[in-house]
Every structure is written in C-alpha cells, then in structure tokens.
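Here is a short note to read beside the model, written for someone new to looking at protein folds. Please keep the structure open and find each element as it is named.

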Amino acid sequence: MKLSNYLAHVKNLRGVIYGSGSTNSVVDGVKWLKQRFRYRNLAVPTQLIKNYPEVKYLIKEPLLRFTYPLPEVSSVAEVLAELTGDCGLAESVALASSLISPVIAVGDDVVGRLRRLCIGEVLTGKELSVQDYKLHMRIADYSVLDMYIEMVTLSEEVLKDPNKLSDVIKVREERVREDIKRYWRISGGEGKPVIMYLDPLKVLGVEGVGKLKSLGDPERVSIALSLVTAVIVYV
C-alpha cells in the first residue's frame with residue numbers, strides 16, 4: 001500500500017478487528033461490521049486472516065488489510081504474543097495502539113481472551129442497537145485519542161525504568177475509572193461487558209519490559225504500548 005493511501009485510510013479508520021471463537025461467530029461478526037460501516041475503514045490484521053481464512057473473501061472496502069507502520073510495532077506484537085499465547089490479540093492491540101484506534105472484537109470467545117489485558121470494563125444489560133454501537137465506537141475512538149500522548153509517554157518511561165511498571169499500571173487504572181464515565185448511556189453496573197480497556201503493560205513483568213527495551217528506540221517502541229479500548233460486538 002502506498003504511503004499516501006495508508007495515511008488516508010488511517011484517517012478514516014473506525015477500528016482494528018479482533019476475532020476469537022468459532023469460525024461462524026467470527027465470520028458473522030465481520031460480515032455484520034462490513035454491512036454497517038460502509039463509509040469508515042475497518043482494519044483486518046494478517047493474523048485474523050490466518051486464523052479464519054474465510055475472512056479473506058470478505059475483504060473489500062470498508063475492510064482493508066493493514067500492516068504495521070513500523071518494524072518496532074511488529075516486534076512488540078511478537079513479544080505480546082509470547083506473553084499472552086494469542087498472536088491475534090497481540091497483533092490487534094499493537095496495531096490499534098500504533099494507529100490510535102480502538103479494537104473491535106467479534107466472536108463467541110473474545111471476552112475471555114480480552115480479559116488477559118483488561119484493566120477496566122463497561123457492563124450493560126441493554127441490547128444495543130446499531131445506532132448504539134456506532135455511537136459508542138466513536139466514543140471509544142475518542143477514549144484512545146484523548147489518552148494517547150499520556151499513555152505512550154508512560155510506556156516510554158517504563159521502557160527507560162522498569163521499576164516504574166506497577167506505578168504506571170496504577171495510573172492507567174485510575175485514568176480508566178475516570179474515562180468509563182463517557183459510557184453513561186449504556187453503563188448499568190451489571191450485565192455483559194461491551195467496552196473493555198486493554199493495557200499491554202499488564203502482562204509484561206520485568207522480564208517482558210527487558211525484552212521490549214532491546215527492540216530499539218523507546219519512543220518508537222512505545223507507540224505500540226498505549227492503553228486502548230475494545231468494543232465487543234454481540235451479533
């Protein structure tokens with residue numbers, strides 16, 4: 001993809017798709033998104049296609065294959081995959097962070113998978129309409145963007161000084177508690193999770209930080225380590 005095309009597509013990006021579970025549940029989720037987001041791009045990571053080859057035949061705008069913007073982002077995804085045991089989750093989170101976008105999660109097994117990185121969630125007992133999903137995907141996008149510089153800066157500090165890891169995670173948890181207020185329209189305090197906040201730092205530990213430190217310039221590595229939101233789509 002030409003750089004100019006890549007940048008234009010990023011500007012119009014609604015989110016990065018992550019799928020987990022049965023083939024039917026993931027493919028149906030991707031089809032649902034494709035039908036309802038005709039004018040906003042949805043990033044399809046390489047690992048999603050590897051895990052669910054049927055998705056390849058659905059790829060046409062607004063679905064677009066997205067590759068990593070920097071080699072360091074790819075390397076971060078490899079480390080996260082090793083630590084989580086889930087290459088698809090690692091790729092989606094690293095890509096979403098570096099593209100400053102939310103994750104959009106489909107499939108009947110995504111909640112359990114996302115909890116490996118989750119530090120906060122919005123629960124709802126409400127059946128969301130298409131309009132509800134579209135609104136809260138926009139809000140989830142704002143959540144990622146509004147926190148991005150602060151979160152990337154915190155990740156950079158951890159890469160420079162691993163002893164700051166636990167304190168930084170606590171700061172992020174506090175930030176999440178404040179940000180959750182954005183979702184007052186659907187938040188009910190009980191029910192199923194519809195928004196989850198994913199922190200790649202959660203699974204690192206000192207050893208993981210050491211691996212990331214070896215990847216290169218902390219300023220470049222840290223763009224893949226922001227706090228990102230995930231919108232869980234139930235179809």
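The points below take up the sheet, then one of its strands, and then two helices, in a model that is predicted.

1. The sheet is open and is formed by seven strands, which follow the order S3-S2-S1-S4-S7-S6-S5 with mixed pairing. At its edges are strand S3 (63-65) and strand S5 (118-124), each of which pairs on one side only. Direction ignored, neighbouring strands of this sheet are turned against each other by 30° on average.

2. Strand S7 (residues 228-232) pairs with strand S4 (residues 103-106) in the parallel sense, over three bridges. On this side, Val-103 has Ala-230 as its bridge partner in S7, while Ala-105 has Ile-232. S6 and S7, by contrast, run antiparallel and are joined by four bridges, and here the partner of Leu-198 in S7 is Val-228.

3. In a regular strand, side chains alternate between the two faces of the sheet. For S7, Val-228, Ala-230 and Ile-232 lie on one side, Thr-229 and Val-231 lie on the other, and all are buried, so that both faces are covered.

4. Helix H7 (residues 130-160) has 31 residues, and because each should add 1.5 Å, the expected span is 45 Å, which agrees with the 43 Å between its end C-alpha atoms. H7 nevertheless bends by about 55° at Tyr-148.

5. H7 lies across strand S1 (13-19), S4, strand S6 (192-198) and S7, and runs at about 170° to S7. Helix H8 (residues 165-179) lies across S5 and S6, running at about 15° to S5.

How values were computed:
Residues are numbered from 1 along each chain as its sequence is written. This is a predicted model: local features need pLDDT of at least 70, side-chain atom pairs count only at pLDDT 80 or more; totals for chains, interfaces and linings use all residues. Side-chain values use heavy atoms; hydrogens and water are left out. Helices (H or I, at least four residues) and strands (E, at least two) are DSSP runs, numbered from the N terminus. The expected span of a helix is 1.5 Å times one less than its number of residues. The bend at a residue is the angle between axes fitted to the seven residues ending there and the seven starting there. Two strands pair if DSSP finds at least two bridges between them. Axes are lines fitted to C-alpha atoms, for helices over the stretch in contact, and angles run from 0 to 180 degrees between N-to-C directions. Contact means heavy atoms within 4.5 Å. Buried means under 20% relative accessible area, exposed over 50%, partly exposed in between (1.4 Å probe, protein chains only).
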